[in-house]
Amino acid sequence: MTTSNAAILTTAGGGTTDAGHPSKPQRRRLTGKALAARIVLYAVLIAIAAVYIYPFLIQVATSFKTDPDAASNAASLLPQTWTIAAYEKLFVNSDFPLWFKNSVIVTVFVTIGRVFFDSLAGYALARLHFRGRSVVFAALIAVMSVPMVVLLIPKFLVINTLGIYDSYTGMILPLLVDAAGVFIMKNFFESIPVSVEEQARIDGAGTFRVFWSVVLPMATPALITIVILSFQGSWNELSHFIISTQSPQLTTLTKGVASLASGQLSAGTQYPLKLAAAAIMTIPVAVMFFIFQRRIMNTSEGAVKE
Amino acid sequence: MTATTSPRPAGLKPEDRGPQRRAGTGGIRRGEAASGWLFTAPVLIILGVFLVIPVIMALWVSFSDWGGRGSPFSSDVHFVGLKNYSTILNGGGLAESDFGTALKNNVWYVIFVVPLQTALSLVLALLVNRALLRGRGFFRTAYYFPSVTSSVAITVLWLFLFSTTGTVNQVLAWMGIKGPNWFNEPSGLIQDGLSAVGVQNGPAFLTQNSFLGVSFWDWLGGPSVAMFAFIVMAIFTTSGTFMLLFVAALQNLSPDIDEAAMMDGASAWKRFWRVTLPQLRPTLFTVLTLGLIGCWQVFDQIYTGTQGNPAKTTLTPAYLSYQSAFQNQAWGQGAAIAFILFVIIVAFTLLQRWILRDKKVSRRRQRAYSVETAARAKGVAR
């Protein structure tokens with residue numbers, strides 16, 4: 001710890017911290033104090049990080065414990081005896097693989113659908129001139145502010161009336177577009193210079209052609225954002241599947257794991273099993289997160305010298 | 001699609017957005033109206049069918065006696081006026097006290113979660129935003145990670161952490177504290193605190209009078225221990241997201257003002273309160289509003305974790321709405337609760353719009369007479 005702090009301090013001395021306003025002698029005088037401040041800062045940061053990460057480590061560790069071990073050593077990160085019984089039970093003796101499959105199906109379709117339809121509509125709202133465009137845009141903004149939990153009963157009513165209750169259609173179709181995604185795409189398309197597509201148009205390309213082969217490839221950063229949001233949104237979605245399905249064949253991970261959890265709250269048993277399920281369902285989102293970390297965290301990362 | 005023949009008269013609004021304001025490009029604009037509608041059609045149809053129509057249908061259901069069977073528009077479903085709403089708001093029965101309890105629980109949830117998550121995310125952002133921080137990426141990732149995981153997975157984890165023999169209680173035991181049975185403990189925190197100093201029963205004017213079927217004494221009882229575990233969870237999962245919002249805002253601040261204040265000898269503490277924080281006002285309002293809106297939508301956690309137990313102290317309006325409709329077949333009441341919740345959330349959204357608009361005006365003014373406003377702001381500031 002001390003060595004790394006010292007290293008940090010040396011860089012701090014030669015660095016450009018506060019744009020060099022305080023004069024040099026002053027800074028040298030502060031070194032001792034600054035060192036203490038640095039150590040405190042890092043201690044605080046590390047302590048908070050431990051609090052944020054520890055629960056997830058516990059989750060993984062407990063999934064490899066036996067039931068009694070999980071109950072008696074809840075805070076330990078090392079199982080007394082390692083066992084994969086929980087995972088075995090999940091994958092061999094339960095519907096877990098089916099839930100996983102359903103979640104994958106829904107997530108894939110929803111993500112593809114949102115990427116396509118959101119960018120299509122976003123392009124139209126950014127670039128195409130048609131009467132009613134501003135009305136459409138205003139409607140989208142209004143729709144964005146409708147809270148999802150308020151729609152539980154209403155959505156069920158429509159899904160039921162349309163006869164798509166308890167089907168993949170009923171699970172996927174209502175999630176296939178989202179107003180926020182359209183909004184993101186529209187903003188992005190507006191930032192692309194028009195000249196490129198005009199050239200293509202003069203060359204005789206139709207509107208869809210221009211959109212598909214010229215503009216869309218330029219929009220990769222925004223498309224990645226949509227992919228991240230839709231993937232995460234549909235993978236983690238629970239309430240929509242509660243109201244659109246009832247058959248065990250269509251249970252998704254969220255719904256299935258929720259039923260596992262609520263099955264026996266007070267019994268307190270089977271925690272390794274439940275936590276294994278929770279851990280597995282976190283993996284795809286976590287992988288997604290680490291792949292696109294730079295993009296998610298991109299709050300002008302490049303602005304600061306590392 | 002052909003875009004070759006008959007140039008269309010350039011009757012398009014010249015005030016349309018973008019820098020493209022040319023006269024002779026009519027041919028390029030041909031067929032744009034059709035494509036425009038075609039391109040937006042999927043979004044419009046799906047949002048219309050699964051968002052707009054549902055709201056209208058549910059509005060009807062909230063005024064009807066539909067019992068969940070057949071179509072809500074069939075002839076044996078009757079219009080009952082405000083009956084469902086009055087049952088919830090002053091029916092005097094279980095429906096009213098359930099709604100009152102749910103509202104009470106959620107109000108306490110909001111009171112705890114919103115300020116704490118805002119403060120914590122701001123602190124995290126300030127810590128992580130240091131220019132010369134080793135492992136900045138690591139810290140940001142660590143703090144943000146809980147935000148990407150699903151509410152179901154986190155709730156399952158929380159049920160374990162806060163179980164009787166769970167991690168939290170073990171850690172407390174190391175410190176010599178005997179932890180409660182979190183998710184099965186219905187007593188309110190404030191009432192717990194009062195009974196610790198010997199106050200078991202509230203004064204008569206608090207216990208005798210009630211609002212929405214819940215006595216004033218219970219309204220003031222604070223969140224239950226079980227709800228408190230959910231409060232901690234909410235802060236844990238949302239602080240990362242809001243931290244990123246604050247970090248983005250901090251990076252957009254010009255360092256000049258801060259440096260000027262530093263030259264004037266202002267301490268770091270003073271610079272934060274007088275220089276940084278006022279500049280973060282818009283982001284602060286965004287975070288507060290998003291927090292408020294999110295806090296009124298607590299559903300997944302309750303569905304996964306406690307179903308409103310123990311003793312209905314984790315019941316929320318969102319979950320109550322679901323429960324009334326899907327489990328008790330009281331569809332009209334469920335829909336009515338949803339609309340009351342809608343009104344609450346819209347009220348907060350409008351409040352935010354109003355505050356932000358106010359802000360814009362003052363900023364414009366600021367630019368015009370910066371010195372004068374600075375002096376006046378001190379007197380006017382609410």
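These are my notebook entries on a predicted model with chains A and B.

**Entry 1. The chains**

I began with the secondary structure. Chain A has 16 helices and zero strands, and chain B comes to 17 helices and two strands. I then looked up burial. Of the 306 residues of chain A, 40% count as buried; for chain B, the figure is 40% of 382 residues. I also recorded how far apart in sequence the contacting residues lie. Taking contacts between residues at least 6 apart, I found that 76% of those in chain A join residues at least 24 apart. The corresponding share in chain B is 68%.

**Entry 2. The contact between the chains**

I next turned to where chain A meets chain B. The contact draws 91 residues from chain A and 95 residues from chain B. On the side of chain A, helix 2 (residues 24-63) gives the most, with 10 residues. I sorted that side of chain A by class and obtained 60 nonpolar, 24 polar and seven charged residues.

**Entry 3. Helix 1 of chain B**

I checked the length of helix 1 (residues 32-62) of chain B against expectation. Its 31 residues should span 45 Å at 1.5 Å a residue, and the end C-alpha atoms are 42 Å apart, which agrees. I also looked for a bend along this helix. Helix 1 of chain B bends by about 45° at Ala41(B), and Pro42(B), a proline, follows within four residues.

**Entry 4. A helix pair across the chains**

I examined how helix 7 (residues 152-161) of chain A sits against helix 1 of chain B. Their axes come within 8 Å and cross at roughly 105°. Angles of 65 to 115 degrees count as roughly perpendicular, so helix 7 of chain A is roughly perpendicular to helix 1 of chain B. I listed the residues involved: helix 7 of chain A contributes Ile153(A), Pro154(A), Lys155(A), Leu157(A) and Val158(A). From helix 1 of chain B, I noted several, among them Val49(B), Phe50(B), Ile53(B) and Met57(B). The residues of this contact divide into 12 nonpolar, no polar and one charged.

**Entry 5. Gln232(A)**

Finally, I looked up a single residue. Gln232(A) lies in helix 12 (residues 220-235) of chain A. I asked whether Gln232(A) is buried or exposed. Gln232(A) has 21 other C-beta atoms within 10 Å and is therefore buried, the cut-off being 20 or more. Leaving aside residues up to four places away in sequence, I found that Gln232(A) touches Val285(A), Met288(A) and Val148(B). I also noted that Gln232(A) and Phe289(A) are 57 residues apart in sequence, with their C-alpha atoms 9.1 Å apart in space.

Methods:
Residues are numbered from 1 along each chain as its sequence is written. Chains are lettered from A and ligands numbered from 1 in the order in which they are written. This is a predicted model: local features need pLDDT of at least 70, side-chain atom pairs count only at pLDDT 80 or more; totals for chains, interfaces and linings use all residues. Two residues are in contact if their C-beta atoms, placed from the backbone, lie within 7 Å. Ala, Val, Leu, Ile, Met, Phe, Trp, Tyr, Cys and Pro count as nonpolar, Asp, Glu, Lys and Arg as charged, and the others, Gly among them, as polar. The expected span of a helix is 1.5 Å times one less than its number of residues. The bend at a residue is the angle between axes fitted to the seven residues ending there and the seven starting there. A residue is buried if 20 or more other C-beta atoms lie within 10 Å of its own, exposed if 12 or fewer, and partly exposed in between; C-beta atoms are placed from the backbone. Axes are lines fitted to C-alpha atoms, for helices over the stretch in contact, and angles run from 0 to 180 degrees between N-to-C directions. Angles under 35 degrees count as roughly parallel, over 145 as roughly antiparallel, 65 to 115 as roughly perpendicular and the rest as oblique.
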